[in-house]
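Colleague: Got a minute to go through this one with me? I'd like to know what stands behind the labels.

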Amino acid sequence: MHRRCGWELRTAQERAERPVDDGVRGRAPVREVVQCTVVLQEAAQAPPAPRQAQWLSGQPYTLPEDAVEWVEALAALRRNVTHPRIYPFREQVARACERAALALRAGAPEPGQPEPDGS
């Protein structure tokens with residue numbers, strides 16, 4: 001589209017510069033002016049869907065459902081810190097564990113105080 005518009009503009013200028021006596025350019029008024037306008041829009045791409053978490057075996061990962069399963073999951077993490085899929089991210093995992101530990105401690109009731117659920 002751009003090439004054609006450019007070609008039309010260049011050739012129109014060349015024709016306009018030729019003398020009328022050559023017979024290429026006439027004395028008749030211009031019948032119409034053609035102008036090309038091209039609007040390009042960038043297609044909006046949806047962000048990729050989050051990847052489902054998986055065990056190292058490739059099985060889908062689900063969160064532990066109770067305290068015993070959480071303790072087992074953390075023990076498995078402790079045993080696998082040298083695994084190639086975990087080791088490069090050990091600092092990020094350690095910071096996440098530290099934040100989780102702080103949240104657990106902050107949410108724990110003081111001895112002698114009732115549980116948060118009112119029991």
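Colleague: Which residues form the negative surface patch?

Modeller: Bear in mind that this is a predicted model. The patch is made up of E65, D66, E69 and E72.

Colleague: What makes that patch negative?

Modeller: Asp and Glu count as negative, and the patch consists of E65, D66, E69 and E72. Patch members also need over 30% relative accessible area; E69 has 34%, so E69 passes that cut-off.

Colleague: Why is E69 called partly exposed?

Modeller: Buried means under 20% and exposed means over 50%, with partly exposed in between. E69 has a relative accessibility of 34%, so it counts as partly exposed.

Colleague: Where is E69 found, and what is E69 in contact with beyond its neighbours within four places in sequence?

Modeller: E69 is in helix α2, which covers residues 67-79. Leaving out those sequence neighbours, E69 is in contact with L63 and P64. Contact here means heavy atoms within 4.5 Å.

Colleague: Why is Y87 partly exposed?

Modeller: Same kind of check. The relative accessible area of Y87 is 40%, and since partly exposed lies between 20% and 50%, that label fits. Not counting residues up to four places away in sequence, Y87 touches V81 and T82.

Colleague: Now the whole chain. How many helices and strands does the protein chain have?

Modeller: There are 3 helices and 0 strands, and the pattern along the sequence reads α-α-α.

Colleague: What share of the residues counts as buried?

Modeller: 5% of the 119 residues. For that label a residue has to be under 20% relative accessible area.

Colleague: And what about the exposed area and the contacts?

Modeller: The protein chain exposes about 11400 Å², with carbon and sulfur atoms supplying 56% of it. Among contacts with a separation of 6 or more, 24% are between residues 24 or more positions apart.

Definitions and conventions
Residues are numbered from 1 along each chain as its sequence is written. This is a predicted model: local features need pLDDT of at least 70, side-chain atom pairs count only at pLDDT 80 or more; totals for chains, interfaces and linings use all residues. Side-chain values use heavy atoms; hydrogens and water are left out. Patches are made of residues with over 30% relative accessible area and no salt bridge: like charges are joined within 9 Å, nonpolar side chains (Val, Leu, Ile, Met, Phe, Trp, Tyr) within 5 Å. Accessible areas come from the Shrake-Rupley method with a 1.4 Å probe; for residues, only the protein chains shown count as cover. A salt bridge is a side-chain nitrogen of Lys or Arg within 4 Å of a carboxyl oxygen of Asp or Glu. The place of a charge is taken as NZ of Lys, CZ of Arg, CG of Asp or CD of Glu. Helices (H or I, at least four residues) and strands (E, at least two) are DSSP runs, numbered from the N terminus. Buried means under 20% relative accessible area, exposed over 50%, partly exposed in between (1.4 Å probe, protein chains only).
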